[in-house]
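Colleague: I'm new to this one, and I'd like a close look at a single part before anything else. Please pick one spot, stay with it for a bit, and then work outwards into the surroundings.

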Amino acid sequence: MQVDGAVVLYGAGREARSTRQFLAQVTPEAKVYVTVDSGDADIDNASQITPAQLLEKIENKEIGLLVRSAGVSIYKPELVAAKNAGIEVTTNINLWARYKRGNAKVVAVTGTKGKSTTVKLTETMLKCAGLDARLGGNFGVAPLDLDDHDIIVMELSSYQVADLELQPDFVGFTNLFPEHVDWHGSLDQYYHDKMNLLRRPERYAYALGSQAAVNQRVQANLPKYANELAAPSAEMVAALHGTMRQSKLKGPHNADNMMIAAKLALGLGASEQAILEGLKSFAPPAHRLEEHKIGNLIFVDDSISTTPEATKAALATYPDTRNALIVGGFDREQDYHDLASEIKHSTVTTVACLPKTGHRLAEAIAELGVDIDVIEAQDLEEAMSALAQRRDQFDTLILSPAAPSYNQFRDYVERGEKFVALAKQLFG
């Protein structure tokens, strides 16, 4: 790998550390800088610079390559300046596709929600079929940290597909709803960038979720040379639904994810029996509708929920119990009126609303005149303490925030772990 100038890592998380290790192997003499917008930038053998200093180095033609982490928008002024100066801006996954993919078949799955469940379910089915499959991408191992495998199953967010160079062999597309407006700059741009996974230059096979299948944007971006994977037989569909009822996969939305995974697994050569075995043994991703029984109540950690649609899916999973709901997080300019309407017609008795988006949901609930107990709390601990005093109002307490965690937590994992710890402390 030849780099004419220094390398800049924009971001200092898991992907950046993975990229730094790769660079040490392929271009050990290259000078490496790291910059972040906030927080720590502690990367081994990389000199920290500020975004302002990055702009100076771009102007002085000192930079040969900029590798952005997924959360760093390609529309940031620093990245736009780099591109305008002729500097290559790339990602961990694009470097993997160019230098380390080898002969691996790639299954790429995107969509607004359902990606994590779909990729993990696909991998489980393939492994039950004796196929050499491994998770990577947004969920799983950072691409450049992957060992050699016959099949790589990747969950890809809109952040990753916006400038994706990877050519997949198989594509799964779950659904398309408004999200990530802050990163993409507008809702239309989010939709356009999300469709980039479909606009691949070479042939691939695809499986669509029921919502994506009737979405005009999705259909308009499917190239004519892409082949839709065949649906399972009617007998297989019945067997899948029967097995799902006895599995840990919950909720009507996951029936859709199950069908996408089954189509992908069949396309890759898995037998029907292996697919059913995979479904039977499937363990859902952490913090996705993860149940904890504490005392006589059920606590549901759905901290990975970052959209109103994901929270609506969580409520649909528990239609027959009195539910309390904790909602709110980082504001990405999403609309919460539909979620308020869903709550109005659900079995939710109590809603605890956290900053910032939870307070917008509280306003939407008030506008609809929904007759439920609404708690406006400043943080998760205050919300849980208030709910503990109302424990007779619900049977199930669901943390499904419908927003990212960044305003109060490092990530959704920390948020989910705090929720479970508080449940044990206050309700145990």
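Modeller: Let's start with Ser 73, which counts as buried because its relative accessible area of 8% falls under the 20% cut-off. Keep in mind that you're looking at a predicted model. To find the residue, go to the loop that runs between strand 4 (63-68) and helix 3 (77-84); Ser 73 sits in that loop. Now check what it touches. Once you set aside its neighbours within four places in sequence, Ser 73 is in contact with Leu 79 and Trp 183. With Trp 183 there is a polar pairing to look for: a polar atom of the Ser 73 side chain lies 2.7 Å from the backbone oxygen of Trp 183.

Step back by one residue and you reach Val 72, which also belongs to the loop between strand 4 and helix 3. Val 72 is buried too, with a relative accessible area of 8%. Its contacts, not counting residues up to four places away in sequence, are Tyr 10, Leu 79 and Trp 183. So that you can place Val 72 against the beginning of the chain, take Gly 5 as a marker: the two are 67 residues apart in sequence, and their C-alpha atoms are 22 Å apart in space.

Use that marker again for Lys 61, found in the loop between helix 2 (51-59) and strand 4. Here 56 residues separate Lys 61 from Gly 5 along the sequence, while the C-alpha to C-alpha distance is 8.0 Å. Is Lys 61 buried or exposed? At 72% relative accessibility it counts as exposed, because the cut-off for that word is over 50%.

From there, let's move on to the helices, with helix 5 (residues 115-128) as our guide. In general, a pair of packed helices is described by the angle between their axes and the distance between the axes. Try helix 12 (252-267) as a partner. The axes of helix 5 and helix 12 come within 9 Å and cross at roughly 45°. That angle makes helix 5 oblique to helix 12, and the crossing is right-handed. On the helix 5 side, Thr 117, Thr 118, Leu 121, Thr 122, Met 125 and Leu 126 take part, and they meet Asn 254, Asn 257, Met 258, Ile 260, Ala 261, Ala 262, Leu 264 and Ala 265 of helix 12. Sort the residues of this contact by type and you get nine nonpolar, five polar and no charged.

Helix 5 also packs against helix 13 (residues 272-281), where the axes come within 7 Å and cross at roughly 125°. These two helices are therefore oblique to each other, and their crossing is right-handed. Helix 5 contributes Leu 121, Thr 124, Met 125 and Cys 128, while helix 13 brings Ala 274, Ile 275, Glu 277, Gly 278, Leu 279 and Ser 281. In this contact the residues divide into six nonpolar, three polar and one charged.

Follow the chain onwards from helix 13 and you come to the loop leading to strand 12 (290-294), where His 287 is found. His 287 isn't a glycine, yet it has a positive phi of about 70°. With a relative accessible area of 8%, His 287 is buried. Leu 289 lies in the loop between helix 13 and strand 12 as well. Its phi is positive, at about 50°, although Leu 289 isn't a glycine either. Leu 289 is also buried, with a relative accessible area of 9%.

Further on comes helix 14 (residues 308-317), which is largely enclosed by the rest of the structure, since nine of its 10 residues are buried. Among the buried ones are Pro 308, Glu 309, Lys 312 and Leu 315. What covers the buried residues of helix 14? The cover includes helix 12, strand 14 (323-327), helix 15 (337-344), strand 15 (348-353) and strand 17 (396-399). So you meet helix 12 again here, as part of the cover of helix 14.

One last stop: beyond strand 15, have a look at Lys 356, in the loop between that strand and helix 16 (357-368). Pro 355 and Lys 356 are joined by a cis peptide bond, with omega about -10°.

Conventions: Residues numbered from 1 in each chain as written. Predicted model: local features only at pLDDT ≥ 70, side-chain atom pairs only at ≥ 80, totals over all residues. Heavy atoms only, no water. Axes fitted to C-alpha atoms, helices over the stretch in contact; angles between N-to-C directions. Helix = DSSP H or I, 4+ residues; strand = E, 2+ residues; numbered from the N terminus. Parallel < 35°, antiparallel > 145°, perpendicular 65-115°, else oblique. Left-handed = near helix turned anticlockwise from the far one by under 90°. Contact = heavy atoms within 4.5 Å. Nonpolar A, V, L, I, M, F, W, Y, C, P; charged D, E, K, R; others polar. Buried < 20%, exposed > 50% of the residue type's maximum accessible area, 1.4 Å probe, protein only. Polar contact = N/O pair within 3.5 Å; in protein donor to acceptor, adjacent residues only side chain to side chain.
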